[in-house]
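Please study the sequence and the structure shown below. The paragraphs that follow lead from a single residue to helix pairs and then to nonpolar cores.

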Amino acid sequence: MKKLTIDDVARKAGVSKSTVSQFLNQRFKYMSEATKDRIAAVIEELNYQPNGLARSLKQNRTHMVGIIVANIDYTLSIHCIRAIESELQQHGIQVIICNADEDAEKEAKYVETLLARQVDGLIIFPAGQDGSAYAHLVDEAFPLVFMDRLVEGVSTQSLLLDNEMAVKLAVGELTRQRHERIALLTLPLGEHSITPRKERLGGYKRAMEEAGLELREEYIVSATRENISAELERLVALPQPPTAVLAANDIVLAEILKYANRQSVSIPDQLSVIGIDDAEFAHIYNPVITTISQPAYEMGVQAARIMLSCIEDKGANVPITYRFVPSLEQGQSVKTI
């Protein structure tokens, strides 16, 4: 059987070969709905399969985008990746997903590997904070989108939560319930002080100050996942222990809930809890945990659309930082004092 070509589709649809090519590449700007419908019907009738390799060589494109995630365990990462993959697939682009495990060197190797695979663009949840690691991508106007984190000295399209607003919402909910002794638990700061951790800590300090509450350094906990439990033991043993804790992300929240179960700490009777990041387990825990949700799926969709725009208009995009608005998801984990 003779292999179908783009010429066969064009003849049967009564349009030019270039019009079919525009259709296959999702460029509908100057194409009528009737023409689109006619070409789609012919493609379906003939069961035409475009030659992907030939198309990639001709366009100097692979129709692949690399996603390098700093930590695939985060709820945000999972939801964003799902949205990005779904949106790009609708435009004929496949994704390659790499997990850097918060390791800047591992991320750098993935960047090299994906560039060698000639991906059309990169969406990165940066593990590193060294701007020079991304300089060559920016200098070459390579399609690059950052998610969840900023890197000092790097100007590119970036999408992340309004982290200070997220903490302000949490502290506001706790103070409405008359809590004054509020602790913040976060993963390590220091050299690991990525954007959300820094901004959420800054937001906590400002929110406490604005609420007229005493800022106690012993209530600010920066610890590894493995040490969260020990830090909670220290907090509850204080002469004036906190009445509420704010988990700076879903991993910290999980460790707080594990500790509460092991030590039979009643939430919210003995300790009120709010978590940032809308982890699924927060909704099935008893009681349901109050969370500050970020629109992760919406962020992923927007990242994919920005990437498509960067690919189509390489070098024409002005670097913009997009901030997404958090929302309070009411549970039963906060007690009124």
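Val-65 belongs to strand E1, which spans residues 64-69. The model in which this residue is placed is a predicted one. Is Val-65 buried or exposed? Its relative accessible area is 0%, and residues under 20% count as buried, so Val-65 is buried. Setting aside neighbours within four places in sequence, the residues in contact with Val-65 include Leu-88, Ile-93, Val-95, Val-119, Met-307 and Ile-311. Ile-123 is also one of these contacts. Along the sequence, Val-65 and Ile-123 are 58 residues apart, yet their C-alpha atoms are 7.5 Å apart in space.

Leu-88, one of the contacts of Val-65, leads to a pair of helices, since Leu-88 of H5 also takes part in the contact with H13. Helix H5 covers residues 75-89 and helix H13 covers residues 296-312. Their axes lie 7 Å apart and form an angle of about 45°, which means that H5 is oblique to H13. The crossing of H5 past H13 is right-handed. On the H5 side, the contact involves residues including Leu-76, Ala-83 and Ile-84, while H13 supplies, among them, Ala-296, Val-301 and Leu-308. By class, the contact comprises 12 nonpolar, 3 polar and 3 charged residues.

A second pair is formed by H8 and H9, which pack at an angle of about 45° with axes 8 Å apart. H8 is therefore oblique to H9, and H8 passes H9 in a right-handed crossing. Among the residues of this contact are Val-167, Lys-168 and Val-171 of H8, together with Arg-200, Tyr-204 and Ala-207 of H9. Which classes of residue does the contact of H8 with H9 have? There are 6 nonpolar, 2 polar and 6 charged residues.

Tyr-204 also has a place in the largest nonpolar core, which holds 49 residues. Tyr-204 is one of the members that touch the most other members, as are Leu-185, Leu-235, Ile-256, Val-273 and Ile-289. The elements giving two or more residues to this core include helices H8 (163-176), H9 (195-210) and H11 (250-262), as well as strands E6 (182-186) and E9 (272-276). H11 gives the most, with 7 residues. Beyond its neighbours within four places in sequence, Ile-256 is in contact with Leu-185, Ile-228, Leu-232, Val-245, Ala-247 and Val-273.

Apart from this core lies another, of 42 residues. Its members include Ile-81, Phe-146, Val-151 and Ala-296. Ala-296 has already appeared above, in the contact of H13 with H5.

Key. Residues numbered from 1 in each chain as written. Predicted model: local features only at pLDDT ≥ 70, side-chain atom pairs only at ≥ 80, totals over all residues. Heavy atoms only, no water. Core = buried A, V, L, I, M, F, W, Y, C linked by side-chain atoms within 4.5 Å. Buried < 20%, exposed > 50% of the residue type's maximum accessible area, 1.4 Å probe, protein only. Helix = DSSP H or I, 4+ residues; strand = E, 2+ residues; numbered from the N terminus. Contact = heavy atoms within 4.5 Å. Axes fitted to C-alpha atoms, helices over the stretch in contact; angles between N-to-C directions. Parallel < 35°, antiparallel > 145°, perpendicular 65-115°, else oblique. Left-handed = near helix turned anticlockwise from the far one by under 90°. Nonpolar A, V, L, I, M, F, W, Y, C, P; charged D, E, K, R; others polar.
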